[in-house]
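Visitor: I would like to learn how to read a model with two chains. Where do we start?

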There are 2 protein chains.
Amino acid sequence: MIGRKVALIGASMTRFGNLPEMDLLKLMVEPSLAAMDLSKIDLKGVGAIFVSNMLGDALSKQTSLGTALSDALGVYGIPAERIENGPAGASALRYAYLSVSSGESNIALVTGVEKMRVASTDVVTDYISSMSHPYAEYPSGATMPSLAGMFARLYMNKYGVKPEHMGMVAVKNHDNALKNPYAHLKKKITLDYLFGKDAATNNPFVADPIRLYDAAPISDGGAALVVADLETAKQYTDKPVIIEGYGEATDRLAVHEREDPTELRAVRVASQRAMEMAGVTPQDIDVAELHDAFTILEIAESEDVGFFKKGEGHLALERGDTSIGGKIPINTSGGHKARGHPVGASGIAQIVEIYWQLRGEAFGRQVEGAKLGLTVNLGGFGSNAVSFVFRRA
Amino acid sequence: MIGRKVALIGASMTRFGNLPEMDLLKLMVEPSLAAMDLSKIDLKGVGAIFVSNMLGDALSKQTSLGTALSDALGVYGIPAERIENGPAGASALRYAYLSVSSGESNIALVTGVEKMRVASTDVVTDYISSMSHPYAEYPSGATMPSLAGMFARLYMNKYGVKPEHMGMVAVKNHDNALKNPYAHLKKKITLDYLFGKDAATNNPFVADPIRLYDAAPISDGGAALVVADLETAKQYTDKPVIIEGYGEATDRLAVHEREDPTELRAVRVASQRAMEMAGVTPQDIDVAELHDAFTILEIAESEDVGFFKKGEGHLALERGDTSIGGKIPINTSGGHKARGHPVGASGIAQIVEIYWQLRGEAFGRQVEGAKLGLTVNLGGFGSNAVSFVFRRA
C-alpha cells in the first residue's frame with residue numbers, strides 16, 4: 001500500500017453499561033473530547049471524523065452522526081461520516097487509516113457509539129439480527145443467540161468442547177472486567193456458580209447450549225481514538241501506538257452455507273492479511289482482544305487467528321494460556337462478555353484497550369512488556385471480520 | 001494527497017420510482033451486476049465494496065449491507081461496509097477513492113441504495129428528519145420541508161427570488177427527466193400548471209412557500225459505480241472517467257445557527273476543495289448535478305459552487321443558463337426533483353449521470369462536448385456536502 005505510517009495518539013471511552021443519563025450524542029462527545037484532550041491536540045487540528053454506529057436510526061431515530069459530532073465539537077469544514085458494519089466498529093479505523101495515510105487529513109477522530117438500553121431486549125435482539133441473511137436467516141427467526149447455539153453445538157460435537165469451557169471464558173473475562181473501571185459487568189463468577197446446583201437459576205439457557213453467561217450484555221457506550229500520521233504523532237507523544245497492519249474480509253452471510261460452519265474464514269483471512277501487512281506471526285502477538293459476543297466465539301477466534309491449532313483453543317484456555325500472565329492474554333478488558341457490547345462502540349473499545357496495554361496504562365490488568373497487540377472485530381455472525389495489528393513505538 | 005489516479009470504468013442504476021417488486025437487496029444487486037458487466041470486469045476482480053444507505057435498519061430492518069452485497073455477488077474475502085451520511089451517498093465514492101488510490105484495492109464497487117416506499121410518507125419524512133439537530137431541530141418538529149420553507153422565505157426576502165423561479169427549476173428538471181429512461185417522474189409540467197388558476201390543486205403548499213412541485217419525490221432505487229486505478233482502468237476501457245478532485249465539508253447542524261443561513265457554506269468549501277484538487281474553476285465545468293431535494297437548493301448551490309454570483313442564480317435560471325444547451329446545464333438527469341430521490345442512492349445516481357455525460361452516452365439529453373463534470377451531494381440540510389469533479393479521459 002502507498003501512504004504514510006499511521007499511529008494512535010489518544011484513546012478514551014465512557015463506562016459501558018446501562019447509562020440512562022447519556023443519549024447518543026453525549027455518548028459520542030464525551031469520549032471524543034477526552035481522547036482529544038489526552039492527545040493534547042487542538043480541536044481545530046481534526047481533519048476528518050469517522051463515527052461507527054449500527055442502530056442509531058432504528059433505536060434513537062438519529063442519522064448523520066458524523067455531522068452531528070462535528071457540530072457538537074465545533075469543528076467545521078471537514079469530512080464526517082457514519083460507518084456501519086454490524087458490530088464491527090473497527091471498520092471506522094480502517095477509513096481513518098486511509099484518510100491519514102493518503103494525506104487527506106493529518107489528524108482524524110474515530111468514535112464508536114451505541115445507545116441500546118432505550119429499547120427492550122427483544123426489540124434490540126431483533127434489530128441486531130437484521131445483520132443476518134435477509135432471506136435465509138432473518139425471516140426464519142434466526143437471532144444471534146440462536147446462531148451461536150447451533151455454532152456451539154457443532155463445535156462441541158467436532159472438537160469435544162464442553163459447556164464448562166465456554167464457562168471458563170466467562171469466568172476469565174469477568175475476572176478481567178473487575179480490574180477495568182470502564183466495564184459493564186463487575187461481578188465475580190465461578191464455574192460452580194455457572195454449573196453447580198443453582199445453574200438453572202444462576203445461568204439459565206438462552207439458546208441451548210448457550211446460557212446467560214455465554215452471551216454479552218446489551219450496553220450503552222462510546223469510545224474514541226485520535227489517529228495521526230507518524231510524523232505528526234511524534235509531535236504530540238513519545239508513545240504513539242503504530243497501526244502496523246489491518247485486514248477485513250467477508251464470508252458467506254448465511255452460516256449454514258459455509259463449507260465448514262465451525263471455521264470463521266473471515267477471521268482467518270482478515271487476521272492473516274493484517275499480520276502479513278505488519279510482518280508478524282500469531283506467535284509474535286503479546287495481547288489480543290477478540291470478539292466474544294458469545295463465549296464460544298472467543299475459543300473459535302483464538303484458533304482462526306492462529307494462536308492455537310483448530311480445535312485446541314479450549315485446551316489452551318484450560319491451561320490458562322489466555323489469562324493475564326499466560327502465553328497470549330485474550331480480552332484483558334473483560335471482552336464484549338463483561339466489558340460490555342454497545343455494538344457500534346465495541347470494536348473501538350477493543351482498540352482502546354490495546355492502546356492502553358501497549359502504552360503500559362492498563363493498570364491492574366497490564367500484560368507486562370506488551371509490544372504487539374491484535375484485535376478481531378466481527379461484523380455479523382462471522383460474515384465480516386476486521387483485524388488490526390498495533391505496535392508500541 | 002499521496003496515491004494513484006482513480007477513475008470510473010462502469011456505472012448503472014435501476015429505474016427510480018415506486019418499485020414494489022424490488023427489495024433492498026435486489027435494489028443493490030441489479031445495478032451492481034449491470035455496472036460490473038458494462039465495465040467488463042470479472043466479479044472476482046472486485047477488491048472492496050462500499051454501500052451507501054441511509055435508512056436500511058429503520059425502514060427495512062436490514063443492516064450490514066456491505067456484507068449482504070458481497071455475499072449476493074459471491075465475492076468473498078474482501079472489505080465491505082455501509083456508509084451513511086444522510087442523503088450524501090457520494091461519501092461512499094470518497095472511501096472507494098481512498099481504497100483504490102492507496103492500493104488497498106485495484107477495483108472497487110460503490111453501490112447506493114434506498115428502499116423508501118415500504119413506509120408511509122409521514123414515517124419516511126420523520127426518519128429523514130432524523131438528520132437534523134437532535135436537540136435544536138428534530139424535537140421541535142422540524143422536517144426537511146419545513147426547513148426548506150424557511151430557507152426559501154429568507155432567500156426570497158434577501159435576493160428577490162419568486163416562487164416562479166423555484167417553479168422554473170421544477171419545469172426544467174421535469175423536462176430533462178422526460179429524456180431519462182431511469183427517472184421517477186415522467187410528467188411534463190409548465191409554469192401555468194404550477195401557478196395558474198388550478199395551482200391550489202395542481203401544486204398545493206407543503207410548507208409555505210414550498211409547494212408540492214418544489215420537493216423531490218420519495219423513491220426506491222439503486223445505483224452503482226465501478227472504480228479502478230487509472231492503469232487498471234485503461235485495461236478495460238478507452239473512455240475512463242477520471243476522478244480529478246473531491247471535497248467534503250461540514251457546517252453547523254442547526255440551520256438557524258449559521259451566520260448567514262442562506263449561504264450553504266459546506267457546499268462552498270467542499271466544491272472549492274474539489275475544484276482546487278482538480279485544478280479547475282467553476283467556469284471550466286461543462287455539466288453539473290446539484291442536490292435539488294428542494295428546488296430552492298438548486299438555485300442556492302448554483303451560486304455557492306461558484307457558477308453564479310450569490311443572489312443571481314435565479315437570474316441565470318431565467319436566462320436558461322442551466323438548461324441543456326445553456327452555459328452550464330444543471331441536473332440533466334432530472335435531478336432529485338424528477339429523476340427521484342432514494343436518499344442513499346441519489347448521490348451515486350448523480351455520478352452515474354455525469355459518467356454518462358462525459359462518455360457521450362446521455363442519449364437525448366447529452367451536453368455536447370462535455371469534458372468536465374461536477375456533483376454536489378448534501379448530507380443534511382446543508383450541514384454536510386460532498387463534491388466531486390470528473391474529467392473525460
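Guide: We will go through the chain contact, the symmetry, a helix pair and a few backbone details. Keep in mind that this is a predicted model.

Visitor: How many residues does each chain give to the contact?

Guide: Chain B gives 53 residues, and chain A gives 53 residues. On chain B, α2 (56-59), α3, β3 (80-84), α4 (91-102) and β8 (241-250) each supply at least two of them.

Visitor: Which element of chain B has the largest share?

Guide: That is α4(B), with seven residues.

Visitor: What classes of residue make up the side of chain B that touches chain A?

Guide: Count by class. There are 20 nonpolar, 21 polar and 12 charged residues.

Visitor: How do I read strands across the contact?

Guide: Look at direction and bridges. Strand β3 (residues 80-84) of chain A pairs with β3(B) in the antiparallel sense, over three bridges. Within β3(B), Arg82(B) stands opposite Glu84(A).

Visitor: What turn and shift lay chain B on chain A?

Guide: A turn of 180° does it, with a shift of 0.0 Å along the axis. The RMSD is 0.0 Å. The relation is therefore that of a two-fold axis. Both copies use the same surface: 100% of the contact residues of chain B recur in chain A.

Visitor: Now a helix pair. At what angle do α1 and α3 of chain B pack?

Guide: Helix α1 (residues 24-39) and helix α3 (residues 65-73) of chain B pack at about 55°, with axes 10 Å apart. Angles from 65 to 115 degrees would count as roughly perpendicular, and those under 35 as roughly parallel. So α1(B) and α3(B) are oblique to each other. The crossing of α1(B) past α3(B) is right-handed.

Visitor: Which residues make that contact?

Guide: From α1(B) come Leu25(B), Met28(B), Val29(B) and Ser32(B). From α3(B) come Leu65(B), Ala68(B), Leu69(B), Ala72(B) and Leu73(B). By class, this contact of α1(B) with α3(B) has eight nonpolar residues, one polar and no charged.

Visitor: On to the backbone. Is the peptide bond from Asp208(A) to Pro209(A) cis or trans?

Guide: The bond is cis, with omega near 10°. Pro209(A) lies in the loop between β5 (205-207) and β6 (210-211) of chain A. In chain B, a cis peptide bond joins Asp208(B) and Pro209(B), with omega about 10°.

Visitor: Is phi of Lys40(A) positive or negative?

Guide: Positive, near 65°, and the residue is not glycine. Find Lys40(A) in the loop between α1 (24-39) and β2 (48-52) of chain A.

Technical notes:
Residues are numbered from 1 along each chain as its sequence is written. Chains are lettered from A and ligands numbered from 1 in the order in which they are written. This is a predicted model: local features need pLDDT of at least 70, side-chain atom pairs count only at pLDDT 80 or more; totals for chains, interfaces and linings use all residues. Axes are lines fitted to C-alpha atoms, for helices over the stretch in contact, and angles run from 0 to 180 degrees between N-to-C directions. Helices (H or I, at least four residues) and strands (E, at least two) are DSSP runs, numbered from the N terminus. Angles under 35 degrees count as roughly parallel, over 145 as roughly antiparallel, 65 to 115 as roughly perpendicular and the rest as oblique. A crossing is left-handed if the near helix is turned anticlockwise from the far one by less than a right angle, and right-handed if clockwise. Two residues are in contact if their C-beta atoms, placed from the backbone, lie within 7 Å. Ala, Val, Leu, Ile, Met, Phe, Trp, Tyr, Cys and Pro count as nonpolar, Asp, Glu, Lys and Arg as charged, and the others, Gly among them, as polar. Two strands pair if DSSP finds at least two bridges between them. Copies are superposed by least squares on the C-alpha atoms of residues with pLDDT of at least 70 in both.
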